[in-house]
Amino acid sequence: MIDADGYRPNVGIVLLNAEGRLFWARRVSHDGWQFPQGGMRSDETPLEAMYRELAEETGLLPEHVEVVASTRGWLRYRLPNRYVRHHQRPTCIGQKQVWFLLRLVGGEDALKLDACDKPEFDIWRWVDFWYPAVHVVSFKRQVYERALRHFAPLVEAMLSVELGALPRHAEGSPPGNRAVA
């Protein structure tokens with residue numbers, strides 16, 4: 001499903017553990033690491049697509065997570081020209097995504113990368129909050145930064161009672177040198 005502007009509707013998932021670290025996974029047969037994400041079907045809401053993608057890519061079910069928040073509207077990124085399939089109609093030039101912030105409420109033993117027939121990821125780890133915004137493939141970087149900036153105040157509020165402040169980017173603030181409010 002591609003919209004009139006050439007963007008494929010998609011969902012992205014930021015999964016947070018109790019220590020304020022994020023789930024980060026390597027794509028099968030690639031060196032690229034990313035958050036779980038995937039396309040929406042025409043009969044799905046973003047929330048339904050998120051739960052389906054979560055189960056397919058991580059093995060987690062709704063009872064393993066709490067939905068904390070989602071972004072308002074779509075966050076878009078364009079694909080580099082080398083990834084655009086110009087011969088296909090309609091032509092997909094990028095993704096438009098609704099991002100979800102989830103908190104893991106079950107144990108991490110529920111994570112199963114081989115939950116579906118064709119796994120998306122082969123390795124995963126927990127990383128500091130701002131790490132993905134710096135280390136994701138460059139064409140997704142702006143969307144990751146926007147999603148994380150949107151979620152940062154919520155994560156800070158959730159963790160401040162238990163752990164103190166949210167870990168900062170290496171320079172002491174989120175990417176882009178903008179302080180988190």
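**Notebook: surface, cores, strand β7 and the Nudix box**

I began with the surface, and found that the protein exposes about 9400 Å², of which carbon and sulfur atoms supply 48%. I note at the outset that I am working from a predicted model. Of its 181 residues, 48% count as buried.

Next I looked up the secondary structure. I find three helices and eight strands, and reading from the N terminus the elements run β-β-β-β-α-β-β-β-β-α-α. I also looked at how far along the sequence the contacts reach: among contacts with a separation of 6 or more, 72% are between residues 24 or more positions apart.

**Cores**

I then turned to the nonpolar residues, keeping in mind that in soluble globular proteins nonpolar side chains tend to be buried together. The largest nonpolar core has 28 residues, and the members that touch the most other members are Val 14, Leu 22, Phe 35, Trp 99 and Leu 148. I checked which elements contribute, and β1 (7-16), β2 (22-27), β6 (75-78), β7 (94-104) and α3 (141-163) each supply at least two residues of this core. Helix α3 gives the most to it, with nine residues.

I followed Leu 148 and listed its contacts, leaving out residues up to four places away in sequence: Leu 148 touches Val 14, Leu 22 and Phe 35, and also Phe 129, Trp 130 and Ala 133. There is a second, separate core of 20 residues, and I noted Val 11, Ala 49, Leu 54 and Leu 113 among its members.

**Strand β7**

I wanted to know how enclosed β7 is. Because 10 of its 11 residues are buried, I record β7 as largely enclosed by the rest of the structure.

I then went through strand partners of β7, one at a time. With β1, β7 pairs in the parallel sense over 10 bridges, and here I find Arg 8 opposite Gln 95 in β7. With β5 (residues 65-70), the pairing is antiparallel and runs over five bridges, and Glu 66 stands opposite Arg 103 in β7. With β6, the pairing is again antiparallel, over four bridges, and Leu 75 stands opposite Gln 97 in β7. I kept in mind for these strands that in a regular strand the side chains alternate between the two faces of the sheet.

**The annotated motif and Glu 44**

I looked up the record as well: in an unreviewed entry, UniProt lists residues 38-59 as a short sequence motif, the Nudix box. In the model, the chain over residues 38-59 is 59% helix and 9% strand, with its end C-alpha atoms 14 Å apart.

I chose Glu 44 for a closer look, and located Glu 44 in the loop between β4 (37-39) and α1 (46-58). Is Glu 44 buried or exposed? Its relative accessibility is 14%, so with the cut-off for buried set at under 20% I count Glu 44 as buried.

I then asked which polar atoms its side chain meets. A polar atom of the Glu 44 side chain lies 2.9 Å from the backbone nitrogen of Arg 41, and a polar contact of 2.7 Å joins the side chains of Glu 44 and Arg 52. Not counting residues up to four places away in sequence, Glu 44 touches Gly 39, Ala 49 and Arg 52. I noted that Arg 52 therefore appears both in the polar contact and in this contact list, and that Ala 49 is one of the residues I had entered under the second core.

Notes
Residues numbered from 1 in each chain as written. Predicted model: local features only at pLDDT ≥ 70, side-chain atom pairs only at ≥ 80, totals over all residues. Heavy atoms only, no water. UniProt positions renumbered as here; feature names shortened; annotations may be inferred. Buried < 20%, exposed > 50% of the residue type's maximum accessible area, 1.4 Å probe, protein only. Polar contact = N/O pair within 3.5 Å; in protein donor to acceptor, adjacent residues only side chain to side chain. Contact = heavy atoms within 4.5 Å. Areas by Shrake-Rupley, 256 points an atom, 1.4 Å probe, with all protein chains shown as cover. Core = buried A, V, L, I, M, F, W, Y, C linked by side-chain atoms within 4.5 Å. Pairing = 2+ DSSP bridges.
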